Amino acid sequence: DSFDNVIKCYRLSRQCLGEIVSACEFMDSLCMTSVYDNLGLASPLEDNHPFYFLVETSGMNQEHDMEKLETCIERVFETECATDGVMAASRDQAKHMMSLRENIAPALKAVALTTSMTCHCLSRICILSSKR
């Protein structure tokens with residue numbers, strides 16, 4: 001529900017996941033709503049949220065990486081810096097989540113909004129959001 005919680009999620013993700021973090025990205029509700037409404041892409045979460053934080057991981061040991069990711073997600077929810085989230089269960093889901101981020105600029109352009117800001121984050125995908 002706040003940008004401060006996005007920062008907390010970022011710090012926790014970097015702390016918990018360490019070497020397997022490939023990218024972390026932040027998106028706000030305007031970006032995500034534009035992607036849903038203007039490009040018809042479906043949200044991986046049931047509710048809309050003011051902020052979204054995506055984490056991409058890539059490690060060499062899938063079992064170890066999954067254990068670290070699950071532990072991190074638990075800590076994120078325990079500290080209440082996120083109140084909703086989903087982790088890709090397949091490569092197709094990961095591609096879909098990545099497409100949400102990749103399609104922000106075209107979605108905003110569709111409604112004639114322009115921005116020089118870029119977002120950055122996704123792969124063994126996990127989207128976390130905060131809303132209270």
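**Reading a predicted fold, one feature at a time**

Biologist: Where is the place of His-96?

Modeller: His-96 lies in helix α4, which covers residues 91–102. Keep in mind that this is a predicted model.

Biologist: Is His-96 buried or exposed?

Modeller: Read the relative accessible area. Under 20% is buried, over 50% is exposed, and partly exposed lies in between. His-96 has 26%, so this histidine is partly exposed.

Biologist: Which residues does His-96 touch, leaving out those up to four places away in sequence?

Modeller: His-96 touches Leu-41 and Ala-42. Take Leu-41 as an example. In sequence, 55 residues separate Leu-41 from His-96. In space, their C-alpha atoms are 8.4 Å apart.

Biologist: Now the whole chain. How many helices and strands does the protein chain have?

Modeller: Five helices and four strands. Their order along the sequence is α-β-α-β-α-β-α-α-β. The protein chain has 132 residues, and 41% of them count as buried.

Biologist: What share of contacts joins residues at least 24 apart, among those between residues at least 6 apart in sequence?

Modeller: The share is 82%. The pair His-96 and Leu-41, at 55 residues apart, shows such a separation in sequence.

Biologist: Next, the interior. How many residues has the largest nonpolar core?

Modeller: It has 17 residues. Cys-9, Leu-17, Phe-53 and Val-76 have the most contacts inside this core. Two or more core residues come from each of α1 (3–17), β1 (21–28), β2 (51–57) and α3 (62–78). Helix α1 gives the largest share, five residues.

Biologist: Which residues does the second core include?

Modeller: That core is separate and has 12 residues, including Leu-45, Leu-54, Leu-100 and Ile-104.

Biologist: How do I read the packing of α1 and α3?

Modeller: Two packed helices are described by the angle between their axes and the distance between the axes. Here the axes of α1 and α3 come within 9 Å and cross at roughly 150°. Angles over 145 degrees count as roughly antiparallel, so α1 is roughly antiparallel to α3. Their crossing is right-handed.

Biologist: Which residues meet between α1 and α3?

Modeller: From α1 come Cys-9, Leu-12, Ser-13, Gln-15, Cys-16 and Leu-17. From α3 come Lys-68, Leu-69, Cys-72, Arg-75 and Val-76. Some names return from the core: Cys-9, Leu-17 and Val-76 are among the residues with the most contacts inside the largest one.

Biologist: As a biochemist, I look for cysteines. How many disulfides does the count give?

Modeller: Zero. Check the sulfur atoms: a disulfide needs a pair within 2.5 Å. For Cys-72, the nearest cysteine sulfur is that of Cys-16, 3.8 Å away, and Cys-72 is in no disulfide.

Biologist: Is Cys-72 buried or exposed?

Modeller: Buried, because its relative accessibility is 3%. Cys-24 also counts as buried, at 18%.

Biologist: Where is Tyr-36 found?

Modeller: In helix α2, residues 29–39. Tyr-36 is buried, because its relative accessible area is 12%.

Biologist: What is Tyr-36 in contact with, leaving aside neighbours within four places in sequence?

Modeller: The list is Leu-41, Ala-42, Ser-43, Pro-44, Asn-48, Tyr-52 and Leu-100. Leu-41 and Ala-42 also touch His-96. Leu-100 belongs to the second core. Along the chain, Tyr-36 and Leu-100 are 64 residues apart, yet 8.3 Å separates their C-alpha atoms.

Biologist: Where is Pro-106 found?

Modeller: Pro-106 is in helix α5, residues 104–110. At 38% relative accessible area, this proline is partly exposed. Its C-alpha atom is 9.1 Å from that of Ser-34, although their positions lie 72 residues apart along the chain.

Biologist: Last, the backbone. What is the phi of Glu-80?

Modeller: Glu-80 has a positive phi of about 60°, although this residue is not a glycine. The place of Glu-80 is the loop between α3 and β3 (84–87). Its relative accessibility is 48%, so Glu-80 counts as partly exposed.

How values were computed: Residues are numbered from 1 along each chain as its sequence is written. This is a predicted model: local features need pLDDT of at least 70, side-chain atom pairs count only at pLDDT 80 or more; totals for chains, interfaces and linings use all residues. Side-chain values use heavy atoms; hydrogens and water are left out. Buried means under 20% relative accessible area, exposed over 50%, partly exposed in between (1.4 Å probe, protein chains only). Contact means heavy atoms within 4.5 Å. A nonpolar core is a set of buried Ala, Val, Leu, Ile, Met, Phe, Trp, Tyr and Cys residues joined through side-chain atoms within 4.5 Å. Axes are lines fitted to C-alpha atoms, for helices over the stretch in contact, and angles run from 0 to 180 degrees between N-to-C directions. Angles under 35 degrees count as roughly parallel, over 145 as roughly antiparallel, 65 to 115 as roughly perpendicular and the rest as oblique. A crossing is left-handed if the near helix is turned anticlockwise from the far one by less than a right angle, and right-handed if clockwise.
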